[in-house]
Amino acid sequence: MTLTTTNIPAPPKYVKSNLEQLKSAPDAPSVQYLNLLQALSPECTLGHEREIPGAKAGLFCLTGTKDICRTVDVVVLQVMDLFKEWVNRDKGGGLRATYLTAEEAERNCEAGNQIDKSTDFICTLVGVDDQMVDDQPLIISCNRSKLSTAKQWKAMLIATQNVVAAKWQLTSMVVQGKKGTYFNIASPVFLGYNSKAELSRYT
């Protein structure tokens, strides 16, 4: 049954309009990210301190548990267009701050740092490698070359007419970049609509 936006429950309390509030909410479970591994990812590099056995390009890594998987099933709760400030690598690298607008980012960015536009999908993880798992928060962050995935996924979300009622599976595919190099991108697949009973899990 196709559910309309009028009978979709509100997202969980830990889904906020600000990403930092999401991470710091006292009643929020631990939030992890989903990384799509590339050939040069540390998790795939033999002898690297972040090496994970079994990791290879085209697989996903859950940052909290370090689990490696082929596919993940999620329910999207919220989509956020953000601007992230990254510290230059020669200064140690890493994420310094996240902003909701480009103006805020430009106003607060430290000299020498870089601002990247990012689309973050705030999700509930419900399955791994076609097996159900206990519901847990998951952030899928798309920037730079991943923005094409975000654009495609947002268009598909609009086509399904709602967010929380739909269930999605992410797989990976290999594409060729403008410079002729090959890399992996995530590809969303619509799995169908949740029943009203399933929707009650996300309130």
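How accessible is tryptophan 168, and does that make this residue buried or exposed? At 0% relative accessibility, tryptophan 168 counts as buried. The close-ups below start from the aromatic rings and then move on to other spots; keep in mind that this is a predicted model.

**View 1. Phenylalanine 121 stacks on tryptophan 153.** There are 3 aromatic pairs in the structure. In the pair shown here, the ring centres of phenylalanine 121 and tryptophan 153 sit 4.3 Å apart with their planes at 25°, so this one is stacked. Stacked is the word for planes under 30 degrees apart. Phenylalanine 121 belongs to strand S6 (residues 114-128) and tryptophan 153 to helix H3 (residues 147-159), so the pair ties together parts that are 32 residues apart in sequence. Both phenylalanine 121 and tryptophan 153 are buried.

**View 2. Tryptophan 168 and phenylalanine 190 make a tilted pair.** Here the centres are 5.2 Å apart, and the angle between the planes is 55°. Tryptophan 168 comes from strand S8 (residues 166-176) and phenylalanine 190 from strand S9 (residues 182-193), so this pair ties together parts that are 22 residues apart in sequence. The two partners are worth looking at one by one: tryptophan 168 is buried at 0% relative accessibility, whereas phenylalanine 190, at 33%, counts as partly exposed. Pull back a little and you get the cluster, in which ring pairs link Phe121, Trp153, Trp168 and Phe190.

**View 3. Cysteine 69 and cysteine 142 without disulfide partners.** Searching the whole structure turns up 0 disulfides. For cysteine 69, the closest cysteine sulfur is the one in cysteine 61, and at 8.1 Å it is too far for a bond. The cut-off for a disulfide is a pair of sulfur atoms within 2.5 Å. Cysteine 142 is in no disulfide either, and the nearest cysteine sulfur, in cysteine 123, lies 9.3 Å away. Cysteine 69 is buried at 2% relative accessibility, and cysteine 142 is buried with a relative accessible area of 4%.

**View 4. The largest pocket and its lining.** The largest pocket comes out at a volume of about 1,600 Å³. Its lining is made up of 42 residues, and the closest to the centre of the pocket are Asn35, Trp86, Arg89, Asn143 and Lys146. Which strands should you look for around it? Strand S1 (32-36), strand S2 (60-62), S4, S6, strand S7 (131-143) and S9 each give at least two residues to the lining. As for chemistry, the lining splits into 18 nonpolar, 15 polar and 9 charged residues.

**View 5. Methionine 80 in strand S4.** Strand S4 covers residues 72-86, and methionine 80 has its place there. Methionine 80 is buried, with a relative accessible area of 5%. Serine 141 is 61 residues away along the chain, yet the C-alpha atoms of methionine 80 and serine 141 are separated by 9.4 Å.

**View 6. Serine 187 and its contacts.** Serine 187 is part of strand S9. With a relative accessible area of 14%, serine 187 is buried. Which residues does serine 187 touch, once neighbours within four places in sequence are left aside? The contacts are Gln169, Leu170, Thr171 and Met173.

**View 7. Proline 53 in the loop between S1 and S2.** At 74% relative accessibility, proline 53 counts as exposed. The C-alpha atom of proline 53 is 8.1 Å from that of glutamate 43, and the two residues are 10 apart along the chain.

**View 8. Lysine 66 and aspartate 130, with positive phi.** Neither of these residues is a glycine, but phi is near 65° for lysine 66 and about 65° for aspartate 130. You will find lysine 66 in the loop between S2 and strand S3 (68-69), while aspartate 130 lies in the loop between S6 and S7. Lysine 66 has 48% relative accessibility and counts as partly exposed.

Definitions and conventions:
Residues numbered from 1 in each chain as written. Predicted model: local features only at pLDDT ≥ 70, side-chain atom pairs only at ≥ 80, totals over all residues. Heavy atoms only, no water. Phe/Tyr/Trp six-rings, centres within 6.5 Å; stacked < 30°, edge-to-face > 60°. Helix = DSSP H or I, 4+ residues; strand = E, 2+ residues; numbered from the N terminus. Buried < 20%, exposed > 50% of the residue type's maximum accessible area, 1.4 Å probe, protein only. 1 Å grid on protein atoms, 1.4 Å probe; cavity = no way out; pocket = protein on both sides within 12 Å on 5 of 7 lines; lining within 4 Å. Points joined across faces, edges and corners; volume = space filled by probe spheres on them. Nonpolar A, V, L, I, M, F, W, Y, C, P; charged D, E, K, R; others polar. Contact = heavy atoms within 4.5 Å.
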